[in-house]
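Visitor: I would love a close look at one part of this model, followed outward into its surroundings. Could you take me through it step by step?

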Amino acid sequence: MKTEWLGADAAGIARAGLLLREGGLVALPTETVYGLAANALEKAAVAKIFEAKGRPQDNPLIVHISRIEQIKALVAAFPPVARALAAAYWPGPLTMVLPRSSLVPGEVSAGLSTVAVRLPGHPVARAVIEAAGVPLAAPSANLSGSPSPTSAGHVRADLWGKIDAILDGGDCGVGVESTVVSLTGEKPRLLRPGGITPAQIAAVAGGVEVDPAVTERLAEGRAAPSPGMKYKHYAPRARVILVRGNKQSYIEYVNAHAGPGVFALCFDEECPALAVKSLPYGHECDAVEQARNLFAALRRLDELGAREVYAHCPEPEGVGLAVYNRLIRAAAFTVVELKDR
Ligand code: TXA
Ligand code: MG
């Protein structure tokens with residue numbers, strides 16, 4: 001298939017809208033990561049997303065809208081807590097899981113009775129939704145299992161020749177996928193951490209339960225509340241080991257493991273003291289910066305031929321919880337605990 005390369009201008013947005021209306025697949029920028037969009041109301045278009053990504057059929061998609069009122073047709077209930085969260089954080093990196101209306105094909109939600117909805121903060125994403133004239137189902141625009149794309153070049157590396165177009169809107173600002181919160185139970189439940197923090201949700205919703213699968217391996221035999229959490233994710237080809245400890249003990253540990261193909265995925269401040277090749281992903285105390293850089297760093301490690309990567313574990317607080325959640329999956333839950341000195 002020929003893939004068109006579109007600019008983030010009026011012509012590119014109009015072309016993307018047309019391709020989507022005709023049932024095509026278009027990768028587009030959002031403030032979190034690039035999404036692979038299709039008409040959410042057309043089964044055949046949605047099926048193409050799963051095929052292009054090699055995505056497991058039981059992993060549901062997020063439906064993207066451009067104006068808050070569009071949610072009403074997609075959900076069977078829009079409770080006050082959802083309205084309040086939408087008013088506070090939309091447009092932005094927040095996805096809400098609500099009961100699904102009959103307008104949304106079951107294929108979008110992998111047969112679940114719910115639907116995940118998001119109103120993205122990126123103006124180009126909203127302009128493409130407007131141009132398409134329909135809500136857009138869009139997972140991250142990567143091959144299933146590889147890190148989410150935060151630039152149009154990442155999308156090209158994964159999906160060139162498999163989709164109709166890539167709209168280049170530059171690098172993504174948030175860098176990790178949206179916060180997913182389920183509003184179908186008694187209390188709001190955080191299924192995936194992202195740019196909107198648990199504290200921000202709690203401040204509006206009066207509280208939030210963090211699902212244990214956010215920080216731990218899914219318990220044996222437990223059905224995944226968010227099916228995406230059960231898959232190995234964000235994984236570079238290298239073996240990633242998450243190292244928990246202070247700056248000094250991290251540096252000593254990594255230097256003791258120096259060898260061919262060994263890399264450090266570290267904080268900026270640590271680079272000068274490391275005896276292995278290092279890739280910094282942000283300042284130690286800046287989780288927002290770490291989130292923005294993480295996926296590009298994971299892709300870069302593959303390009304550099306890394307075989308073993310020692311990643312310095314971030315504080316799992318605020319946006320850092322999202323960074324931790326992605327890294328621990330990249331590491332397949334391999335964590336080394338250091339005794340700090
Ligand atoms: O920031 C984002 O959310 C990006 C951009 C493109 O908007 N999209 C994204 O989509 O990350 P995806 O498909 O890579 O991740 C969607 C996550 C998965 O973990 C999926 O299991 C979960 O949301 N999800 C989708 N619908 C759900 C539902 N009805 N119930 C529970 N979890 C759901
Ligand atoms: Mg994804």
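Visitor: Which residues of helix H2 (residues 43-53) are buried?

Guide: Happy to walk you through that, bearing in mind that this is a predicted model. The buried residues of helix H2 are Ala-45, Val-46, Ile-49, Phe-50, Ala-52 and Lys-53. Their cover includes strand S3 (35-39), strand S7 (136-137) and helix H5 (152-159). Right after the helix comes Gly-54, with a positive phi near 70°.

Let us follow Lys-53 a little further. One of the residues in contact with it is Asn-142, which sits in the loop between S7 and H5. Asn-142 has a relative accessibility of 3%, so it counts as buried. Beyond its neighbours within four places in sequence, Asn-142 is also in contact with Pro-147, Ser-148, Pro-149, Asp-158, Leu-159 and Arg-299.

The two strands that help cover H2, S3 and S7, also lead us into a sheet. This is an open sheet of 11 strands with mixed pairing, in the order S1-S8-S2-S3-S7-S4-S6-S5-S9-S10-S11. Strand S1 (4-7) and strand S11 (209-210) stand at its edges; each has a single partner strand, so one side of each has no neighbour in the sheet. At the S11 end, strand S10 (residues 189-192) runs parallel to S11, and 2 bridges join them. There, Leu-190 has Val-210 of S11 as its bridge partner.

Some of the loops that lead to strands of this sheet deserve a look at their backbone. Pro-91 lies in the loop between helix H3 (80-89) and strand S5 (94-99), and the peptide bond joining Trp-90 to Pro-91 is cis, with omega about -5°. Ala-110 is in the loop between S5 and strand S6 (114-118). Although Ala-110 is a residue other than glycine, its phi is positive, near 50°. With a relative accessibility of 26%, Ala-110 counts as partly exposed.

Now to another set of paired strands, with S15 as our reference. In strand S15 (residues 308-312), 4 of the 5 residues are buried, so the strand is largely enclosed by the rest of the structure. Strand S12 (residues 239-244) runs parallel to S15 and is joined to it by 5 bridges; Leu-242 stands opposite Ala-311 there. S13 also runs parallel to S15, with 4 bridges between them, and Phe-263 stands opposite Val-309.

From S13 we can step into a loop and then a pocket. Phe-267 is in the loop between strand S13 (262-266) and strand S14 (277-280). At 3% relative accessibility, Phe-267 counts as buried. Setting aside residues up to four places away in sequence, Phe-267 touches Pro-280, Tyr-281, Gly-282, His-283, Glu-284, Gln-290, His-312, Cys-313 and Pro-314. Of these, Gln-290 is 23 residues from Phe-267 in sequence, and their C-alpha atoms are 8.3 Å apart.

The second largest pocket has a volume of about 280 Å³. It is lined by 15 residues, and those closest to its centre are Phe-267, Glu-284, Cys-313, Pro-314 and Glu-315. By class, the lining comprises 6 nonpolar, 5 polar and 4 charged residues.

Cys-313 brings up the question of disulfides, and the structure holds 0 of them. Cys-313 is in no disulfide, and the nearest cysteine sulfur, in Cys-266, is 14 Å away. Cys-313 is buried, with a relative accessible area of 8%. Cys-285, on the other hand, is exposed, with a relative accessible area of 77%. For Cys-285 the closest cysteine sulfur is that of Cys-313, and the 14 Å between the two sulfurs is too far for a bond.

One more helix rounds off the tour. In helix H9 (residues 320-330), 11 of the 11 residues are buried, among them Leu-321, Val-323, Tyr-324, Arg-326, Ile-328 and Arg-329. Just after H9 comes Ala-332, in the loop that leads on to strand S16 (335-337). Its phi is positive, about 50°, although Ala-332 is not a glycine. Ala-332 is partly exposed, with a relative accessible area of 35%.

Conventions: Residues are numbered from 1 along each chain as its sequence is written. Chains are lettered from A and ligands numbered from 1 in the order in which they are written. This is a predicted model: local features need pLDDT of at least 70, side-chain atom pairs count only at pLDDT 80 or more; totals for chains, interfaces and linings use all residues. Side-chain values use heavy atoms; hydrogens and water are left out. On a 1 Å grid over the protein atoms alone, a cavity is a set of points where a 1.4 Å probe fits but cannot get out, and a pocket is an open set with protein on both sides within 12 Å along at least five of seven lines; lining residues have an atom within 4 Å of a point. Grid points are joined across faces, edges and corners, and a volume is the space filled by probe spheres set on the points. Ala, Val, Leu, Ile, Met, Phe, Trp, Tyr, Cys and Pro count as nonpolar, Asp, Glu, Lys and Arg as charged, and the others, Gly among them, as polar. A disulfide is a pair of cysteine sulfur atoms within 2.5 Å. Buried means under 20% relative accessible area, exposed over 50%, partly exposed in between (1.4 Å probe, protein chains only). Contact means heavy atoms within 4.5 Å. Two strands pair if DSSP finds at least two bridges between them.
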